[in-house]
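Reader: Please take me through the strands, the cores and the voids of this model, one question at a time.

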Amino acid sequence: MSFPTETVYGLGANALDQEAVIRIFEVKKRPRFDPLIVHIADKSQLHKYCKNIDKTALKLINSFWPGPLTIIFEKKKIIPDIVTSGLNTVAIRMPAHPVALDLIKRSGCAIAAPSANKFSYITPTTAKDVFNQISDKVDMILDDGSTDIGIESTIISLIGLRPHLLRPGGLPIEEIEKVIGKVELYKHSKKIESPGQMKKHYAPGTKMEFITLKTKLPEGKNLGLLAFNKLPDNKNKFKIIEILSPKGDLHEAAHNLFSALYKLDKMNLDKIYAEKVPENGIGIAIMDRLQKAVS
Ligand code: TXA
Ligand code: MG
């Protein structure tokens, strides 16, 4: 079933039931090499699923759980290989959304859940967007309107010598560094450690490109614009303009990002232009998603 979290809508199944988890991959058409996040409702459940929970982990958990932070730990055997794509690590998160927490508590199990989109399409932040993508394939969608944060959780790996960031997300990296000190931005390894790092991801079907003051717009085409905070001087060149945050607030922009992309993508445009947003706080995660959408 699909359920809301404070970040985006998830598509969940019992994390300990291999058959149920296989269904997630089928519904999303997600390749089996892309591991899932295991969601828990209580910090005390953590030791059941992973080992070597060190001081840094405890600091993160005590500061940011429940919330938009996923942490990679060494996994225990109880987690089926299908969940972690055969890795010996597991991604765990305790969401802050009351519906998500209640669902996990009532189900009596940990819930493996990716975002509830078809693989590499736009992440849903409303029940309606979930419905439009996978309604024919899920039993139930729990509707709690649009998600608060609007962008997926930040993923930090505690495997290896120093903590490193695998995916910027709803929890700004600056906040994390206040608690555990310097976090390495991306760990450069040949192997894709977190397929969220794959370049093309979160992409709309329509071609997308960043726009700058120098961009020459093609004539006679249906163009859309994803603007940050205001209408541009050449607004008449666009068939539709979505403004992410009229007051220039990055949190509001994150909240609106995927639904705005979704709306533009459904308009059969020839191209969508996107303005860059300031790269600080949650703006780093917004730019990460936009980079992936244009590439
Ligand atoms: O906010 C979120 O995190 C949402 C909600 C539903 O909780 N979930 C989400 O899941 O974004 P998904 O599957 O769309 O993204 C999970 C990311 C993937 O990029 C996956 O590769 C990475 O987490 N991941 C999962 N397990 C991992 C592991 N053991 N090591 C490295 N990366 C892992
Ligand atoms: Mg996803």
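Author: Helices (H or I, at least four residues) and strands (E, at least two) are DSSP runs, numbered from the N terminus. The model is a predicted one.

Reader: Where is the place of Arg 30?

Author: Helix α1 covers residues 18–28, and strand β4 covers residues 37–39. Arg 30 belongs to the loop between α1 and β4.

Reader: Is Arg 30 buried or exposed?

Author: Arg 30 touches Phe 25, Pro 35, Leu 36, Pro 114 and Phe 119, not counting residues up to four places away in sequence. Pro 114 is 84 residues from Arg 30 along the chain, with 9.6 Å between their C-alpha atoms. Buried means under 20% relative accessible area. The relative accessible area of Arg 30 is 13%, so Arg 30 is buried.

Reader: Why is strand β7 largely enclosed by the rest of the structure?

Author: On one side of β7, Thr 89, Ala 91 and Arg 93 are buried, and on the other Val 90 and Ile 92 are buried. Strand β7 (residues 89–93) is largely enclosed because, of its five residues, the number buried is five.

Reader: Which residue of β7 is the bridge partner of Ile 72?

Author: Strand β6 (residues 69–75) is joined to β7 by five bridges, and the two run antiparallel. Within this pairing, Ile 72 has as its bridge partner in β7 the residue Ala 91.

Reader: Which residue of β7 does His 39 stand opposite?

Author: Strand β4 and β7 run parallel and are joined by three bridges. The residue of β7 opposite His 39 is Arg 93.

Reader: Which helix gives the most residues to the largest nonpolar core?

Author: The largest nonpolar core has 52 residues, and those touching the most other members are Leu 60, Trp 65, Leu 69, Phe 73, Ile 92, Ile 156 and Ile 176. With five residues, the helix that gives the most to this core is α1.

Reader: How many residues are in the other core that lies apart from it?

Author: This other core includes Phe 210, Leu 261, Tyr 262 and Ile 272. In soluble globular proteins, nonpolar side chains tend to be buried together. The number of residues in the other core is 28.

Reader: Which residues of β7 does Phe 73 contact?

Author: Strand β7 spans residues 89–93. Leaving aside neighbours within four places in sequence, the contacts of Phe 73 include Leu 46, Cys 50, Trp 65 and Leu 158. Also among them are Thr 89, Val 90 and Ile 92.

Reader: Which residues of strand β13 point to the face where side chains are buried?

Author: Strand β12 (residues 223–227) runs parallel to β13, and four bridges join them. Leu 225 has Ile 241 as its bridge partner in β13. Side chains alternate along β13 (residues 240–243): Ile 241 and Ile 243 point to one face and are not buried, while those pointing to the other face and buried are Ile 240 and Glu 242.

Reader: How much space lies in the largest cavity?

Author: The structure holds one cavity of 30 Å³ or more. Residues lining the largest cavity include Thr 154, Leu 165, Ile 284 and Ala 285. Its lining divides into seven nonpolar, three polar and no charged residues. The space in the largest cavity is about 50 Å³.

Reader: What is the volume of the second largest pocket?

Author: The second largest pocket has 15 lining residues, with Ile 211, Thr 212, Leu 213, Pro 232 and Glu 275 nearest its centre. Its lining divides into seven nonpolar, four polar and four charged residues. The volume of the second largest pocket is about 370 Å³.

Definitions and conventions: Residues numbered from 1 in each chain as written. Chains lettered and ligands numbered in written order. Predicted model: local features only at pLDDT ≥ 70, side-chain atom pairs only at ≥ 80, totals over all residues. Heavy atoms only, no water. Core = buried A, V, L, I, M, F, W, Y, C linked by side-chain atoms within 4.5 Å. Buried < 20%, exposed > 50% of the residue type's maximum accessible area, 1.4 Å probe, protein only. Contact = heavy atoms within 4.5 Å. Pairing = 2+ DSSP bridges. 1 Å grid on protein atoms, 1.4 Å probe; cavity = no way out; pocket = protein on both sides within 12 Å on 5 of 7 lines; lining within 4 Å. Points joined across faces, edges and corners; volume = space filled by probe spheres on them. Nonpolar A, V, L, I, M, F, W, Y, C, P; charged D, E, K, R; others polar.
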